[in-house]
Amino acid sequence: MPDTVALWPAPAALWTVVLVTAAGAALWTLLSWSGRRRDTKQEQAARLPPGSFGWPLVGETLDFVSCAYSSRPEAFVDKRRLLHGSAVFRSHLFGSATVVTSDAEVSRAVLQSDARAFVPWYPRSLTELMGKSSILLINGSLQRRVHGLVGAFFKSPQLKAQVTAGMQRRLAPALAAWREMGPGAVVRIQDHAKEIVFEILVKGLIGLEAGPETQQLKQQFQEFIVGLMSLPIKLPGTRLYRSLQAKKRMARLIQSIIQEKRRRLKVLDSGGEGPPAPPRDAIDVLISGSSDELTDELISDNMIDLMIPAEDSVPVLITLAIKSLSECSLALQQLEEENMQLKRRKTDMGETLQWTDYMSLSFTQHVITETLRMGNIINGIMRKAVRDVEVKGHLIPKGWCVFVYFRSVHLDDKLYDEPYSFNPWRWKEKDTSTSSFTPFGGGQRLCPGLDLARLEASIFLHHLVTSFRWVAEEDHIVNFPTVRLKRGMPIRLTSKD
Ligand code: HEM
C-alpha cells in the first residue's frame with residue numbers, strides 16, 4: 001500500500017531535502033567516516049557486502065535521485081551490481097549507510113524477518129505525517145493484531161461483494177457520461193480511476209457514502225498527501241505543517257464517525273440483541289477488536305494512511321495497465337475477448353457480475369500481474385537493522401538501512417525473458433508466489449489489500465473494454481517521487497454501442 005520508497009520528497013523540494021538531509025547527516029558522517037574506514041580493516045568488514053559509500057556528506061544519493069528521475073531508475077542498482085559483481089552491495093543513501101539488495105533470496109529473507117532484526121524505515125516527513133501508530137511503523141504484537149484484523153476484512157467475501165457492487169454502481173454513470181461526450185471524446189484515465197477508487201475504498205474503510213463529506217475528505221487528503229513529500233520542518237506555513245493541519249481535520253471527522261459507531265455498539269450490546277452484524281467497514285472491524293490498544297487515534301491514523309493506496313497505488317495500477325494494453329494490440333484483443341465472453345454469458349443468464357467472476361478472468365489477471373511486474377508502483381521498501389544481521393553471508397550491521405529493491409528483480413533478464421517487453425502470456429506457466437515477484441512485499445507485512453487491488457483493477461478494465469474502443473494519446477511514465485503518468489493517460493474513446 002504505502003508508497004514507501006516511492007513516496008520521496010516532491011521534485012521541486014527534492015534537492016533541498018537531499019541537501020538538508022545530507023547536511024544533517026554531515027556531522028555524523030564526518031565523525032563516523034574515519035571510524036568506518038577503521039572498521040573496514042577489521043575482520044567483521046570482510047562480511048560486509050562490497051560497495052562504496054560514495055562522496056562524503058551525500059554518499060551516493062545524488063546518483064540515486066538522478067537515475068530515479070530517468071526512465072530507467074534501476075540503472076543506479078544495475079550499474080553497481082555489475083561494478084561490484086554482486087546483487088547485494090553497500091552504499092550511503094539519504095544520510096544512512098545502506099545495504100541495497102536486488103538478490104531475490106536476500107530480499108525474501110529481509111521481508112520474512114520480524115522486528116527482532118529489522119524495523120520499517122521511512123523519511124522523516126512521512127513518519128511525522130503517518131503518526132507513530134500507523135501500521136506501517138508499528139511493530140511486534142500490535143502490528144500483527146492490526147494487520148490480522150484489517151487483512152481478514154480486506155480478504156472477506158463481504159467486502160469484495162460490497163466493493164464490486166459499489167464499483168459497478170459508480171462506473172455506470174461515468175461510462176454514460178463518456179458516451180454522451182460523443183465519439184473521439186478524450187478522458188484522462190488516471191483522474192477518473194483516482195476519483196472512483198477513492199470513493200469506493202473510503203466507503204470500505206470508514207463507511208462514508210459518496211457525497212459532499214467524501215469530497216471534503218478528498219480535498220483534505222490531497223492537502224495531506226503532498227506533505228508526505230516535503231521538507232521535515234513543522235513550522236507554521238511550511239508544507240509539512242499544512243499537511244499536518246489537513247490530517248487533524250480528517251482525524252476529527254473520522255473520530256466522530258468512530259465515536260458514533262462505538263455508541264451504537266454499546267446500545268446493541270446492552271440490549272443483548274442477538275449476534276453482532278457483520279462488519280461493513282474497517283472501523284467496525286477495529287472497534288470490535290475490543291482492545292485498549294486500538295484507540296480512536298490509532299484507528300483514525302490508520303484509516304487516513306489506508307487512503308494512500310486508494311488515491312495512489314490502485315489508480316496507478318489501472319492506468320499503467322491501460323497504457324500497456326494500448327501499446328500491445330494482441331493483449332488488448334485477448335483481454336477484450338475474455339471480458340466480452342463473460343459479459344455475454346452473464347447477460348444470457350440474466351445475472352449481474354459477482355467479484356468471483358472478475359477474479360476468474362485468467363488472462364485479465366495475467367495482464368494485471370505483468371503490469372505490476374513492469375510498473376513497480378512500489379519500487380522497494382526500506383528497513384533498519386536493530387542488531388547485526390547476517391543474510392546469505394552478507395552482514396547488515398546494527399543501525400544500517402537495508403533497501404530491498406524490487407524493481408531490479410522484476411526486470412532481471414535472468415529471471416524474466418525479455419524483461420522490458422509487456423508479455424502477460426509469460427504468467428500462464430509462471431508462479432506469482434515466488435521471491436522474484438514481490439510487488440506487494442512479503443512476510444508479516446505482505447500487503448493485505450492485494451486482492452482488493454486486483455479486483456478493482458479487473459472491474460475497471462472489464463467495463464472499459466466491453467463498452468469502448470480507444471486510441472491512446474502520447475504520454476509517459478514518471479517514476480519519481482511516485483509512479484504516475486505525466487499527462488494522466490488521455491485516451492480517445494469510441495463507444496461500442
Ligand atoms: C497496486 C496496489 C498496491 C500495491 C502495489 C501495494 C504494495 C504494498 C507493499 C509493497 C507493502 C509492503 C510494505 C512493507 O513491507 O513495508 C504494502 C503494505 C500494506 N498495504 Fe498495500 N499495496 C497496494 C494496495 C493496497 C490496498 C488497496 C490496501 C488496502 C486498502 C493496502 C493496504 C496495505 C497495508 C495495510 C499495508 C501494511 C501492512 C503491514 O505493514 O502490516 N494496499 N502494500
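Colleague: How many of the 20 residues of H13 are buried?

Modeller: In this predicted model, H13 is mostly covered, with 19 of its 20 residues buried.

Colleague: What span should helix H13 have, and what is the distance between its end C-alpha atoms?

Modeller: The general idea is to allow 1.5 Å a residue. Helix H13 covers residues 307–326, so a span of 28 Å is expected, and the end C-alpha atoms are 28 Å apart, which agrees.

Colleague: Which residues have the most contacts inside the largest nonpolar core?

Modeller: In soluble globular proteins, nonpolar side chains tend to be buried together. Here the largest nonpolar core has 104 residues, and Trp 178, Ile 206, Met 303 and Phe 460 have the most contacts inside it. H13 supplies the largest share of this core, 11 residues.

Colleague: What is Phe 460 in contact with, leaving aside its neighbours within four places in sequence?

Modeller: Phe 460 contacts Met 167, Leu 171, Trp 178, Ile 189, Ala 193, Ile 196, Ile 318 and Ile 322. There is also a second, separate core of 22 residues, which includes Ala 45, Val 110, Ala 117 and Phe 118.

Colleague: Now the sheets. What is the strand order in the open sheet of 5 strands?

Modeller: Strands of a sheet pair through backbone hydrogen bonds, either parallel or antiparallel. In this sheet the pairing is mixed and the order is S1-S2-S8-S5-S3. Strand S1 (88–93) and strand S3 (118–120) are the edges; each has a single partner strand, so one side of each is left without a neighbour in the sheet. From one strand to the next, the twist averages 35°.

Colleague: In which sense do S1 and S2 pair, parallel or antiparallel, and over how many bridges?

Modeller: S1 and strand S2 (residues 96–101) are antiparallel, with 6 bridges. One pair to look at is Leu 93 and its bridge partner in S2, Ser 96. Helix H3 (residues 75–84) packs on the sheet, touching S1, S2 and strand S8 (401–405), and its direction makes about 125° with that of S1.

Colleague: Is Leu 93 buried or exposed?

Modeller: Leu 93, which is in strand S1, has 1% relative accessibility and therefore counts as buried. Not counting residues up to four places away in sequence, Leu 93 touches Glu 60, Thr 61, Phe 64, Phe 76, Thr 98, Val 100 and Phe 403. The C-alpha atom of Leu 93 is separated by 9.3 Å from that of Gly 54, 39 residues apart along the chain.

Colleague: Glu 60 is in that list. Which residues are linked with Glu 60 in a network of salt bridges?

Modeller: Glu 60 is linked with Asp 63, Lys 79 and Arg 80 in such a network.

Colleague: What is the order of the open sheet of 3 strands?

Modeller: The order is S4-S12-S9, with antiparallel pairing. Strand S4 (185–188) and strand S9 (468–472) stand at the edges with a single partner strand each, so one side of each lacks a neighbour in the sheet. The twist in this sheet averages 40° from one strand to the next. S9 and S12 pair over 5 bridges, and Arg 469 stands opposite Thr 494 in S12. H7 packs on the sheet, touching S4, S9 and S12, and its direction makes about 70° with that of S9.

Colleague: How many salt bridges does the count come to?

Modeller: The count comes to 34 salt bridges. One of them joins Arg 179 and Asp 497, with the closest N and O atoms 3.3 Å apart. Arg 179 lies in helix H7 (residues 157–180) and Asp 497 in the segment after strand S12 (490–495), so the pair ties together parts 318 residues apart in sequence. Arg 179 is partly exposed at 32% relative accessible area, whereas Asp 497 is exposed at 71%.

Colleague: Which residue does Lys 496 form a salt bridge with?

Modeller: Lys 496 forms a salt bridge with Glu 336, the closest N and O atoms being 2.4 Å apart. Glu 336 is in helix H14 (residues 329–349) and Lys 496 in the segment after S12, so this pair ties together parts 160 residues apart in sequence. Lys 496 counts as partly exposed, at 21% relative accessibility.

Colleague: How many residues apart are Arg 263 and Glu 260 in helix H10?

Modeller: They are 3 residues apart in helix H10 (residues 239–271), which means a separation of about one helical turn. Arg 263 and Glu 260 form a salt bridge, with the closest N and O atoms 2.8 Å apart. Arg 263 is partly exposed at 46% relative accessible area, and Glu 260 is partly exposed at 31%.

Notes: Residues numbered from 1 in each chain as written. Predicted model: local features only at pLDDT ≥ 70, side-chain atom pairs only at ≥ 80, totals over all residues. Heavy atoms only, no water. Helix = DSSP H or I, 4+ residues; strand = E, 2+ residues; numbered from the N terminus. Expected span 1.5 Å × (residues − 1). Buried < 20%, exposed > 50% of the residue type's maximum accessible area, 1.4 Å probe, protein only. Core = buried A, V, L, I, M, F, W, Y, C linked by side-chain atoms within 4.5 Å. Contact = heavy atoms within 4.5 Å. Salt bridge = Lys/Arg side-chain N within 4 Å of Asp/Glu carboxyl O. Pairing = 2+ DSSP bridges. Axes fitted to C-alpha atoms, helices over the stretch in contact; angles between N-to-C directions.
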